[in-house]
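Me: I have a model open and would like to go through the reasoning behind a few labels. Could you take me through them?

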Amino acid sequence: MEMIMESLSKTYKSSIEKKLVLNNISCHVNKGEWINIIGPSGSGKTTLLKCVAGIMNADAGSKVSIGGLDMGNASEEEKRDFRRRNIGYIFQEYELFSAYTAKQNVMLPEWPYKKEAELRERSETLLRTLGLEDRIDAVPTNLSGGEKQRVAIARALLNDPSLLICDEPTGNLDRASRDNVLHILKECQAEGRTIFFVTHDYDVLPYGDRVFQLKDGTMEEINKKSFILQP
Ligand SMILES: Nc1ncnc2c1ncn2[C@@H]1O[C@H](COP(=O)(O)OP(=O)(O)OP(=O)(O)O)[C@@H](O)[C@H]1O
Ligand SMILES: [Mg+2]
């Protein structure tokens, strides 16, 4: 799914401060590309992903278009419906519901729309693929950080999204689990899906096609090779 950001800015406003986090960012992502985004903590990576997905409104004058949908002009309902059909979003903080099991959390976004038996099977398959076959019926409080992260990944994959927005999805995983997740995402890309991936882990960069760095509100493309050769 093609993604266009033009003059994207985001200011957080409160009664005591006005903080410009994203300053006039432009970026064009082609269908089927894997884009990695790096940048220091607090540089606005999560803010960028939420603006792109339409979870958060960018400042007036910003343009975000995904697969032809103009996020700035779409209603909340249109954006929600579009996300459900086309976007898999892996939240940095997982955003799991504590009252539900791992399996139910994965099923939740599609529960009102699809047959329960079908969803249950798909959800169990995804959890197994992510190495969670023993934790399918556990609730989030009984899961480790890395296990919760993998439940959040399974949930994002549930609807076979055309665009995967990933906010440090491997930050809490050991190397083997991380590589497993990266391979799963690489397969998604091979099927033509677009990947927008925030990471602090330079080992992830070779999996992507291009790397952008967020810093001081701006985003610039950097040469992927300059990272891959680092020790
Ligand atoms: N709701 C908010 N209101 C005001 N400021 C906010 C809000 N959310 C985030 N910020 C500030 O905006 C800046 C960017 O935050 P953001 O979460 O996008 O950073 P990040 O690059 O994802 O960081 P990290 O790597 O730690 O996840 C930070 O300085 C943060 O304190
Ligand atoms: Mg973040």
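Here are some questions and answers on the fold and the ligand site.

Reply: Gladly! Keep in mind that this is a predicted model.

Me: What makes the protein chain as compact as a globular protein of its length?

Reply: Start with its make-up: 7 helices and 10 strands. The radius of gyration is 18 Å, and the globule rule gives 17 Å for 231 residues; the two are close, so the chain is as compact as a globular protein of that length.

Me: And what share of the residues counts as buried?

Reply: That label needs under 20% relative accessible area, and 51% of the 231 residues of the protein chain count as buried.

Me: Now to the ligand. What makes the pair between G42 and ligand 1 a polar contact?

Reply: The cut-off is 3.5 Å between N or O atoms. A backbone N or O atom of G42 lies 2.8 Å from an oxygen atom of ligand 1, so the pair is within the limit. A polar backbone atom of G44 passes too, at 3.0 Å from a ligand oxygen, as does a polar side-chain atom of K19 at 3.4 Å.

Me: How much of ligand 1 does the protein cover?

Reply: Ligand 1 has 640 Å² of accessible area on its own, and the protein covers 63% of that. Both β2 (18-29) and α1 (45-52) give two or more residues to the shell, with α1 giving the most, 3 residues.

Me: Which kinds of residue make up that shell?

Reply: It divides into 3 nonpolar, 8 polar and 3 charged residues.

Technical notes:
Residues are numbered from 1 along each chain as its sequence is written. Chains are lettered from A and ligands numbered from 1 in the order in which they are written. This is a predicted model: local features need pLDDT of at least 70, side-chain atom pairs count only at pLDDT 80 or more; totals for chains, interfaces and linings use all residues. Side-chain values use heavy atoms; hydrogens and water are left out. A polar contact is a pair of N or O atoms within 3.5 Å; within protein, one must be able to donate a hydrogen and the other to accept it, and residues adjacent in sequence count only if both atoms are side-chain atoms. Accessible areas come from the Shrake-Rupley method with a 1.4 Å probe; for residues, only the protein chains shown count as cover. Helices (H or I, at least four residues) and strands (E, at least two) are DSSP runs, numbered from the N terminus. Ala, Val, Leu, Ile, Met, Phe, Trp, Tyr, Cys and Pro count as nonpolar, Asp, Glu, Lys and Arg as charged, and the others, Gly among them, as polar. The radius of gyration is taken over C-alpha atoms; the globule rule is 2.2 Å times the number of residues to the power 0.38. Buried means under 20% relative accessible area, exposed over 50%, partly exposed in between (1.4 Å probe, protein chains only).
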